[in-house]
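Biologist: I am new to this structure and would like to learn how a sheet is read, strand by strand. Could we go through it together?

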Amino acid sequence: MNVELPNSWKNILQQEFNKPYFIELTNFVEKEYAKQVCYPLKKDIFAAFKYCNLKDLKVVIIGQDPYHGPNQANGLCFSVQDKIPHPPSLINIFKEIATDLEQEYPQSGNLEKWAKQGVLLLNATLTVRAKEAGSHQKKGWETFTDKVIKTISEEKNNVVFLLWGGFAKKKAKLINKKKHFILESGHPSPLSANRGYWFGNKHFSKTNKILYKIAEKPIDW
């Protein structure tokens, strides 16, 4: 597994790559990609870092693991490739954006444009076996991505963390609440959204209000 990160990330995460857990993780991922169909494509495993430089980081959205259907995952949480039908959670995210910001429902489900504006779209687990949700969990990815969250908390100030659902909310303990902003709500999945835990959270307008107050450019959602 070739860990290609921009220098801003590499400089502060380099020590992780030599730790026993990461070496074991690398071996596991290499074997899985050699023997199984896995997602995302190898070149996109670290896409969240490639498109969002640490120095430009303003917002963090935490997902669980990549989509496990064909041609969906592109290395950014909740995001899919261009021209791919939007999965249920992404549909609900876009519905909330349309209502919250009074704008049209987005056409493309590729969230690369968010990442390039400083939104880190981080899955806790960066790879998955095809048609097997959660199949690469507890292999070391969570140790790495928890370190990423802690490092952001330590190295940056005034980052907006969007924690959607019980899994993401557990990451709050890794974040210094005196330095950063945390917005929590239910998960955008239909099960949670249809129970009233997602729609109306206004996280997109709230995020932009925070960024405006701290003299940062708002995100074009």
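**Reading the sheet**

Modeller: Let us begin with one pair of strands in this predicted model: S2 and S5 run parallel and are joined by three bridges. One residue pair shows the register, for the bridge partner of Val 60 in S5 is Phe 161.

Biologist: Which strands form the sheet, and in what order?

Modeller: The open sheet is formed by four strands in the order S3-S2-S5-S6, with parallel pairing. Strand S3 (119–123) and strand S6 (181–185) each have a single partner strand and stand at the edges, so one side of each is left without a neighbour in the sheet. From one strand to the next, the twist averages 20 degrees.

Biologist: How many bridges join S2 to S3, and how many join S5 to S6?

Modeller: Strand S2, residues 59–63, is joined to S3 by five bridges, and the two run parallel; here Val 59 has Val 119 in S3 as its bridge partner. Five bridges also join S5 to S6, again running parallel, and the bridge partner of Leu 162 in S6 is Leu 183.

Biologist: Where do the side chains of S5 point, and are they buried or exposed?

Modeller: The general idea is that in a regular strand the side chains alternate between the two faces of the sheet. In S5, Val 160, Leu 162 and Trp 164 point one way, while Phe 161 and Leu 163 point the other way, and all are buried. Strand S5, residues 160–164, is accordingly described as mostly covered, with five of its five residues buried.

Methods. Residues are numbered from 1 along each chain as its sequence is written. This is a predicted model: local features need pLDDT of at least 70, side-chain atom pairs count only at pLDDT 80 or more; totals for chains, interfaces and linings use all residues. Side-chain values use heavy atoms; hydrogens and water are left out. Two strands pair if DSSP finds at least two bridges between them. Axes are lines fitted to C-alpha atoms, for helices over the stretch in contact, and angles run from 0 to 180 degrees between N-to-C directions. Buried means under 20% relative accessible area, exposed over 50%, partly exposed in between (1.4 Å probe, protein chains only).
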